[in-house]
Amino acid sequence: MKILVAVDGSDNALRAVRYAAKISAQFDTPPPLLLLYADPPLMRSVAVSLGAKEVERYHAENARHALSKARAALKRAKVEFDERSAVGDPAAIIAKFARSEQCDMAVMGSHGRSALKSLLLGSVTSKVITAGVLPVLVVR
């Protein structure tokens, strides 16, 4: 078994990471976790005005920020994990990595950093569920 944990730096994502660590601890042989951050691409006009190096730096900094607390939580829990980051549509990136890494389930927060509180479920989480690539555990 392999568990994908999608993070975006939000409090809900950190709760999802902690919950995934709890799930992992329940196994005799804990399944590996794949910690994944998918950064939405910049608008083309912004990317062109910044230049390739600055765009790369921007995405690297976003990934560093989004993964840092999650990484620390998993290390404290002594859970084995691998981490990845990619640039693109977050739902599509999550589905792609779930397939390519042969993950058995995903754990995600109910809302990300950009979701409105009035929505029942965040748009990225909804899209991943709708894609039907793998079972998704949603953490509030």
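A salt bridge is taken here to be a side-chain nitrogen of Lys or Arg lying within 4 Å of a carboxyl oxygen of Asp or Glu. The model to which this criterion is applied is a predicted one. In it, Glu61 and Arg64 satisfy the criterion, for their closest N and O atoms are 2.5 Å apart. Both residues belong to helix H3, where a spacing of 3 residues corresponds to about one turn of the helix. Glu61 is partly exposed at 34% relative accessibility, and Arg64, at 45%, is likewise counted as partly exposed.

Helix H3, which covers residues 52-76, contains a further pair, Arg57 and Glu54, again 3 residues apart and thus separated by about one helical turn. Here the closest N and O atoms of the salt bridge are 3.1 Å apart, and Glu54 is partly exposed, with a relative accessible area of 34%.

The structure holds 6 salt bridges, and one of them, between the side chains of Lys2 and Glu101, has an N to O distance of 3.0 Å. Lys2 lies in the segment before strand S1 (3-7), whereas Glu101 lies in the loop between helix H4 (90-100) and strand S4 (105-109), so this pair ties together parts that are 99 residues apart in sequence. Lys2 itself is partly exposed, with a relative accessibility of 21%; the lower limit for that class is 20%, under which a residue would count as buried. Through salt bridges that share partners, Lys2 and Glu101 are joined with Asp82 and Arg84 into one network.

The loop that holds Glu101 also contains Gln102, which is found between H4 and S4. Most residues other than glycine have a negative phi. Gln102, although not a glycine, has a positive phi of about 55°, and its relative accessible area of 64% makes it exposed. Lys78, in the loop between H3 and strand S3 (81-87), also has a positive phi, near 55°, without being a glycine. At 75% relative accessibility, Lys78 counts as exposed.

Apart from these charged pairs and loop residues, the surface carries a nonpolar patch of about 260 Å², made by Met43, Val46 and Leu50. Leu50 lies in helix H2, which spans residues 44-50, and it is partly exposed, with a relative accessible area of 39%. Because membership of a patch requires over 30% relative accessible area, this value of 39% allows Leu50 to be included.

Technical notes. Residues are numbered from 1 along each chain as its sequence is written. This is a predicted model: local features need pLDDT of at least 70, side-chain atom pairs count only at pLDDT 80 or more; totals for chains, interfaces and linings use all residues. Side-chain values use heavy atoms; hydrogens and water are left out. Patches are made of residues with over 30% relative accessible area and no salt bridge: like charges are joined within 9 Å, nonpolar side chains (Val, Leu, Ile, Met, Phe, Trp, Tyr) within 5 Å. Accessible areas come from the Shrake-Rupley method with a 1.4 Å probe; for residues, only the protein chains shown count as cover. Helices (H or I, at least four residues) and strands (E, at least two) are DSSP runs, numbered from the N terminus. Buried means under 20% relative accessible area, exposed over 50%, partly exposed in between (1.4 Å probe, protein chains only).
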